[in-house]
Every structure is written in structure tokens, then in C-alpha cells.
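Please find below a note prepared for a colleague at the bench. It is best read with the sequence and the model side by side.

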Amino acid sequence: MSKYWNKKINDAEPYVAGEQPKAGVKVIKLNTNENPYAPSPKVAEALAQFDISDLRLYPNTDGGELVQAIADREGVKPSQVFCGNGSDEVLAICFQTFFEKEGNTDLPVLTPEFSYSFYPVYESFYDLRSKTIPLREDYRLEKTDYEGVPNCGIAIANPNAPTSRAISLEDVAYICEKNPDSVVIIDEAYAYFAEPYETAVSLLDKYPNLCVVRTTSKSYSLAGLRIGYAVASEELIEGLKRARDSFNSYPTDRLAQKVAAAAISDEEYHRQCRAKIIATRKYTEDALKEIGFTMPPSSANFVFAKPPAGVDAGLLYKSLRAKGILVRYFDKDGIRDHLRITIGTDEEMRALIEAITEEIANVQNS
Ligand SMILES: Cc1ncc(COP(=O)(O)O)c(C=O)c1O
């Protein structure tokens, strides 16, 4: 609290990001769903070739090479692409732009009960009403739960975080169809890790109310660069640009644009990293099940795992942390018995399994 802050900031409940260890401290970092592999070698080339005198000039936010690379990759027009400083910023601008119906501020934004914890932060910061829709057994989202519920907008992470489950494109289409007056945001931060890969971008021609939000942070290994984007109809994109240009016309810088464009253009490297992570995910799921964990089927670069009976997830989180292994624990009703574990390298996951096995043996022997 401060007398110098306005009421909104005094009342704000900001998002709490996963722990970032201090520089130089060696840990196995499996808590914020980063990619364990380096970005494409094309990124190093782009950096080496970057002409620093270009930094004199403001960046081109709408028609530059990044927007073109994304449009090519997604098979849409550049005018259907909106870039921001990470998909967090893009999502924030989406909530601000689409989620309030003039004259009806009572309508809530619908989100799944357990989902990305930034959504409620945006809702409260923008004074939006919110309604969370319960998930079904094993954290499954049921599409018909989004039918006939008055709302001013819908946001769904697909695959969902922290639960790791995905819904089908048929389900996404159903939700868009049943809510024609609302914008449906599909947050695809983890979509590239689903098997088979599919994206709601392929539904855009049919649903003008659909806005797909994606990021280079996860599958392109560029979390530190901060490039996210939305793909939608020109009408929705135009709205996002109006919001952006009301506070910062240049959220993505020249260097980041160049680097992200290089990474996006290297499809082969992207495919290889994705395949490695999917294979390590399979190893991790099998190894965890072997020692008594249960988990919903993962379509993401993390698993949402429940330790065997008698092992407390919160205590396990703490003992792993003491061993230098960071995973994510949410002390929240309905999920406090789970750990969200990012898929790292094979070596990191073997170290994790070893540490967990040791901890379980300690619990059982005590
Ligand atoms: C579901 C989901 N959406 C969006 C983001 C934001 O990603 P970024 O801002 O790095 O693009 C995250 C980050 O962890 C996430 O889990």
C-alpha cells in the first residue's frame, strides 16, 4: 500500500511468476515451462548479422519481417497477425479489447476452473466479472459446459496449464459456434507439444469471433526474448492495434523481431526440439507412473503429477527444492495435491526421478 499509488494499484493482486534462481546458482529448473534446448542456430546467425545502426530507428510493428514470418508459418495474411512483448502482453491487450460489453458490465468472462493464473489477474485489473467453469473428472474440459452461459468473452488455454490436457479442434469450434457474440481466446502457448499437432488457426475462416494467441517462449526456446502473437480476423486484429497504440506503439523491438523471425523460419530445428521433448515427456510419464504417480494425459511440455498416497505434494516440492530441483507447486484447493513439472533434458529428468524415488523412500521409512 502506498499513498502515492492510485486505488487500482493499491487494490491490484499481481501475478506471481515461478521462481527465477539468482545468476550463478546451479539448479535443475523445471518450474516455468521453459525449453531446455538452445534456440535455433539461425538465431545466432541473425544476431551476428544484425546491423546495430538499425537500432537508431523505431521498429516496424505491423508489416515487418517478423509479422511476415508468422503469417507465412500460420498460413494467414500479415493483417491477421498482432505481435506483443510476450503472449502475456498479447493476452492482456485481448482482455482489455474484447471483454466488456457496452452497457452490460455484469456479464462475466468464462475461464476453466484451473487454468493460467494470469487470467484472473487481468480480469480483476480491468474490472471484469469472472466465472470459472469447473473441469470434469481428471481435469477434463467439457465443451457443453460453455453453452448457454451468458458471458462477455471466453479464454481457454489449449493445452491447459497447469493441467496439461488439450481439447480437440471440434471442441474449440463448438465453443465458438455456441458463443457467436463473444470473442473466444484460445491460448496456444503449448500447442506445439501436442501429438498430433493441431492449431485453432485452421478454424479462423469459419469463426470471426476466434482469437488464437501463441508464443515463441516455449517451443522456440525464446522465453527471454519476449515475443508472443495473436492470429485472428482482420477485424479483431484491428481492435488489438487500437488498444496497443493507445499506450505503446512499439512493444516489440527491432532485435527481438529479427531473432524471432529467424527462429520461426527454421522449421526443421523446431521439429527436432519438439520431438525430443515429446520423447522425454513419455519417459517422464512412464517413470513417474512406475513410482506410483498419477497424471492426466499431457499435451504440453510439462506434466501435472499427483504423488502416491502418503506423499504430500507440498513437502515433496520443498524437499526437491532443497536438492536444487525446482518444480511448480500451487497451494490451492483442488490442485494442492499435484506438482507441475516441466520437461527438461533426459539427464535432468533422470535426476528428478532419482531425487523423487529417494524422497519417497525417506517418507516410507520414517
Ligand atoms: C498458458 C500460458 N499462456 C501464456 C503464457 C505466457 O507466455 P509468454 O508471455 O512467455 O509468451 C504462459 C507462460 O507460462 C502460459 O503458461
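The numbered points below cover the basis of the model, its domains, one helix, the core and the ligand shell.

1. Basis. The model is predicted; local features require pLDDT of at least 70 and side-chain atom pairs count only at pLDDT 80 or more, whereas totals for chains, interfaces and linings use all residues. Residue numbers start from 1 along each chain as its sequence is written.

2. Domains. Domain 1 comprises 7-38 + 268-365, and domain 2 comprises 49-266; these bounds come from an automatic or database domain assignment. Taken over C-alpha atoms, the centres of domain 1 and domain 2 are 25 Å apart.

3. Domain contact. Contact joins 30 residues of domain 1 to 26 residues of domain 2, where contact means C-beta atoms, placed from the backbone, within 7 Å. On the side of domain 1 that touches domain 2, H9 and E9 each provide at least two residues. H9 has the largest share of that side, with seven residues. By type, that side of domain 1 holds 17 nonpolar, seven polar and six charged residues. Here Ala, Val, Leu, Ile, Met, Phe, Trp, Tyr, Cys and Pro count as nonpolar, Asp, Glu, Lys and Arg as charged, and the others, Gly among them, as polar.

4. Helix H9. Helices (H or I, at least four residues) and strands (E, at least two) are DSSP runs, numbered from the N terminus. H9 (residues 267-290) has 24 residues and spans 35 Å from its first C-alpha to its last, close to the expected 34 Å; the expected span is 1.5 Å times one less than the number of residues. Among its buried residues are His270, Arg274, Ile277 and Leu288, buried meaning 20 or more other C-beta atoms, placed from the backbone, within 10 Å of a residue's own. The buried residues of H9 pack against strand E9 (302-305) and helix H11 (346-365). Just after H9, Gly292 adopts a positive phi of about 95°.

5. Core. The largest nonpolar core (buried Ala, Val, Leu, Ile, Met, Phe, Trp, Tyr and Cys residues joined through C-beta atoms within 7 Å) has 101 residues. Helix H8 (residues 254-265) gives the most to this core, seven residues. Each of domain 1 and domain 2 supplies at least three residues to this core. Ala260, one of the residues with the most contacts inside the core, touches Leu66, Thr216, Leu222, Leu225 and Ile227, leaving aside residues up to four places away in sequence.

6. Ligand shell. Which residues come nearest to the ligand? Of the 13 around the ligand, they are Gly86, Ser87, Asp88, Thr215 and Ser217; a residue is counted when its C-beta atom, placed from the backbone, lies within 6 Å. Helix H4 (residues 86-98) gives the most to this shell, with three residues. The shell has five nonpolar, six polar and two charged residues.

Note on methods:
Buried ≥ 20, exposed ≤ 12 C-beta atoms within 10 Å, placed from the backbone. Contact = placed C-beta atoms within 7 Å.
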